[in-house]
Amino acid sequence: ELKRPRVPSYLPKQGKRVWREITKALPVDWFKDSDLPLLESYCLQYSQMRECQDALETEGLVIETEYGPKENPHCKILSNASTKMNMLATKLRICPNARHSGNVAGNAKPNKPVSTTGSPGGNVRRMFGS
């Protein structure tokens with residue numbers, strides 16, 4: 001009998017919540033064992049993003065330093081976490097556009113046939129050195 005992946009006990013509270021939401025929203029056989037480290041990373045990135053957002057709401061986007069005003073370091077951490085989440089969401093096929101495209105693992109097919117001949121700018125597969 002298939003079971004949903006268990007949430008790792010060491011994930012932060014926010015990460016555990018996201019893990020449960022994601023795994024409950026998708027079919028029970030959606031994630032393979034090899035996907036679980038990516039899902040774990042996604043949930044950790046989400047936790048970091050939320051922690052940074054909370055800090056920004058308290059501290060503000062700009063902080064005062066001995067050298068004058070400076071962007072709050074949480075801005076960069078938040079941006080990096082968001083970028084990583086976007087990449088992981090696509091790899092895990094948990095964002096809507098990744099779930100509904102034809103580019104799921106093992107089923108990638110070009111929308112149009114690719115020819116190896118034709119006029120420049122046409123439907124031509126470019127090769128290195130050509």
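## Overall make-up

The protein exposes about 9700 Å², and carbon and sulfur atoms supply 53% of that area. The model is a predicted one. Buried residues account for 27% of the 130 residues in the protein.

Four helices and two strands are present. Along the sequence they follow the pattern α-α-β-β-α-α. Among the contacts in the protein with a separation of 6 or more, 47% are between residues 24 or more positions apart.

## Helix α1

For the 13 residues of α1, a rise of 1.5 Å a residue gives an expected span of 18 Å; the end C-alpha atoms are 19 Å apart, which agrees. The buried residues of this helix are Gly-15, Val-18, Trp-19, Ile-22 and Thr-23. Viewed down the axis of α1, these buried residues fall within an arc of 120°, so they line one face of the helix. Lys-13, Lys-24 and Ala-25, on the other side of α1, are exposed. The cover over the buried residues of α1 includes α2.

## Helix α2

Helix α2 covers residues 36-59. With 24 residues at 1.5 Å each, α2 should span 34 Å, and its end C-alpha atoms are 34 Å apart, in agreement. Its buried residues are Leu-39, Tyr-42, Cys-43, Gln-45, Tyr-46, Ser-47, Met-49, Cys-52, Ala-55 and Leu-56. Both α1 (13-25) and α3 (73-92) are included in what covers them.

Which residues does Cys-43 touch, not counting residues up to four places away in sequence? They are Leu-11, Gly-15, Val-18 and Trp-19. Of these, Gly-15, Val-18 and Trp-19 are among the buried residues of α1.

Gln-45 also has its place in helix α2. Its relative accessible area is 10%, and the cut-off for buried is under 20%, so Gln-45 counts as buried. Leaving aside neighbours within four places in sequence, Gln-45 is in contact with Ala-81, Lys-84, Met-85 and Leu-88.

## The hairpin after α2

Gly-60 follows α2 and has a positive phi, near 95°. Strand β1 (residues 62-65) and strand β2 (residues 68-71) run antiparallel and are joined by four bridges. The two strands form a hairpin with two residues between them. Thr-65 stands opposite Gly-68 in β2.

## Met-85 in helix α3

Met-85 is found in helix α3. Is Met-85 buried or exposed? Met-85 has a relative accessibility of 8%, under the 20% cut-off, and therefore counts as buried.

Not counting residues up to four places away in sequence, Met-85 touches Tyr-42, Gln-45, Tyr-46 and Met-49. These four residues are also listed among the buried residues of α2. From Met-85 to Cys-43 the separation is 42 residues in sequence and 8.3 Å in space, C-alpha to C-alpha.

## The nonpolar core

In soluble globular proteins, nonpolar side chains tend to be buried together. In this model the largest nonpolar core has 23 residues. The members that touch the most other members are Ile-22, Phe-31, Leu-39, Tyr-42, Cys-43 and Ile-94. Helices α1, α2 and α3 each supply at least two residues of this core.

Several of these core members have appeared above. Ile-22 is one of the buried residues of α1, while Leu-39, Tyr-42 and Cys-43 are among the buried residues of α2.

Conventions
Residues numbered from 1 in each chain as written. Predicted model: local features only at pLDDT ≥ 70, side-chain atom pairs only at ≥ 80, totals over all residues. Heavy atoms only, no water. Expected span 1.5 Å × (residues − 1). Buried < 20%, exposed > 50% of the residue type's maximum accessible area, 1.4 Å probe, protein only. Contact = heavy atoms within 4.5 Å. Pairing = 2+ DSSP bridges. Arc of directions from axis to C-beta. Areas by Shrake-Rupley, 256 points an atom, 1.4 Å probe, with all protein chains shown as cover. Core = buried A, V, L, I, M, F, W, Y, C linked by side-chain atoms within 4.5 Å.
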